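Dear colleague,

Please find below the structure that I am handing over to you. A summary of the findings follows it.

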Amino acid sequence: MCGIFGYVGSREDAGSLVIKGLKKLEYRGYDSWGVAVQTNAHIEVSKDVGRISGVDHEQFKHSSGLAIAHSRWATHGGVTKQNAHPHLSEDGKIAVVHNGIIENYLELKKMLQKKGHTFKSETDTEVIPHLIQDLKKDGMTLEDAVRAACQMFTGRYGILVLDTETHALVAARTGSPLIVGVGEGEYFIASDIPAFLEQTRIVNYLDDGEMVCLESNKAIFRSIETGKEIQKRKIEIAWKVEDTEKGEYEHYMLKEIMDQKESIIRAVHQDEEQIMTLAKAIKDCVGCILSACGTAGKACMAADYFFSIIAKRHVNFVPSSEFKIYHHFLLPESLIVVVSQSGETADVLEAMKTAKEAGSKVLAIVNVEGSSVARAADYTLLINAGPERAVASTKALTGQMAVLMLIAYAVAGKLNEGRMALLEAGAKINDMLNPRYIDHIKGIAEVLHHHKDMYIIGKSWNYPMALESAIKIQEVSYIHAQGFAAGELKHGPIALIEEGTPCIALMGNDEVTADMLSNIMELKARGATIIAVSPERHEIFDHWIKVPDAGPAQPIVNIIPIQILSYYLAVLKGKDPDMPRNLAKSVTVK
Ligand code: M6R
């Protein structure tokens, strides 16, 4: 979480430039914001609670070529102006922004307090500039002091340090992403590429355990452990600026839902040889475990069904936050498939670490090229959904499911059949996402948005989509929503149903349709209002959202109307679907 953006170079408007770029990273944290600009030998700091999007960047047009900025997702200390970053050293000459958690900060704080340092915030971050100042006073250079400080930290962090004495930026990472943008006589550094995509598409990735010292005309990368210089490869990013804008749409969430007209088809266009190699790895391994978090985890749960039904093969899903407990089962012959939109989720990276320690191979399915997960994996497949900015994951989910389904078909020796089924589903989704369809779902949202509770049921591969529907509704509209396996209702949850309780049923035209209809009847008999997402209409439905019959791709198709419904539930309740409360786009803390 948290957005970081810094600039060093010949421009004179570094302050407004970092504020403008930071607005593109707001999805990473939006509790509070702050900026530090070097003017002459001073650092001018401005910060406040609230969102960066409302801040006028023009007011930061100091004549300066050195600035850092931050948008916060609070971990240590409440959402206050005092706790907002940047934080300064005792002498005010060093400013720091930080993403992650310094776990031993209390110990370091006590040590510094004994030396006379005073602290103004409740954050773990504030120890960083104080510690660097303390180390510098013994004659260390800024770079050495940052390196020595990092060696004293436990936890995961990405830090960016501005120092008035050296006119340089020093950044270091262990666990939280930082990417250097390379310009002509200038460098940018950010926790995600959109911050500087207007200025440059050439990047250097900072890896875990690495640091970089940036001056306007040079970037020196080193290992934090040894201090040895590291040569970095320059990479050109394929994303275009337009891909990261919301264009004609009011919110990113709606734009990204509509992007699914094409993104599923892009996901299917995978290199055949690579898919066949991965299919072989799955066939040859001794135990294949899928792991991910949140929505990506629901894609993995759907894949359990794809592998079982299409490939007659058992794979297991384990949430990444629970993965460590599974190390007892891991073998060098095990294959772990991790799925992540951002490729920066801390729990996923931790699961990969556990897998690697057991000698197991890791396949990553990610959206963000060059992300930490992509670089740490043995094999990587990109879903090519394009940048996803809304906190609620939509097009990444359907891209992930498409790739997992394609692999299941490849394992079954039917890659072409799978490709055709997915391309056909993609074409049907393209037809489905028309204005009349969207309006129909908006009309249902108008009926439902005053309700406090909603339940969603599904069977077979629609069961994970029922769970995913609940995540979508909860996170953007704050309506209490719960998903169930349809057959589980009568084992407890049916006690919650009252006259008029909205129940959404996700259905296909398949071997479980008759069972689903029975479960719906049970709900109806207790007074539930039935909203069905189904290829066929049945008279017991109160509201019907028609979806194309898509065979094994049915869960991919069925989740899309629920994404639209969630979006309108949020909008009708006056909530911002792009930046829901308490959340951030990529969860880089455990
Ligand atoms: O970037 P990742 O796919 O690893 O993120 C995983 C979850 O944090 C993410 O899917 C989250 O659940 C979304 N906000 C759901 O819409």
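**Domains and their contact**

Between them, domain 1 and domain 2 bury about 1,200 Å², of which 51% is on carbon and sulfur atoms; buried area is the accessible area (1.4 Å probe) that two parts lose on being put together, summed over both. The model is predicted, so to speak of local features pLDDT of at least 70 is needed, side-chain atom pairs count only at pLDDT 80 or more, and totals for chains, interfaces and linings use all residues. Residues are numbered from 1 along each chain as its sequence is written, and side-chain values use heavy atoms, with hydrogens and water left out.

The domain assignment, which is automatic or from a database, gives domain 1 (3–242), domain 2 (246–432) and domain 3 (434–577). The centres of domain 1 and domain 2, taken over C-alpha atoms, are 32 Å apart. To their contact (heavy atoms within 4.5 Å), domain 1 gives 12 residues and domain 2 gives 12 residues.

**Helix H1**

In helix H1 (residues 14–23; a DSSP run of H or I, at least four residues, numbered from the N terminus), eight of the 10 residues are buried (under 20% relative accessible area, 1.4 Å probe, protein chains only). Among them are Leu 17, Val 18 and Ile 19. The cover over the buried residues of H1 includes strand E1 (3–9) and strand E10 (186–190), strands being DSSP runs of E, at least two residues.

Yours faithfully

Definitions and conventions: Buried < 20%, exposed > 50% of the residue type's maximum accessible area, 1.4 Å probe, protein only.
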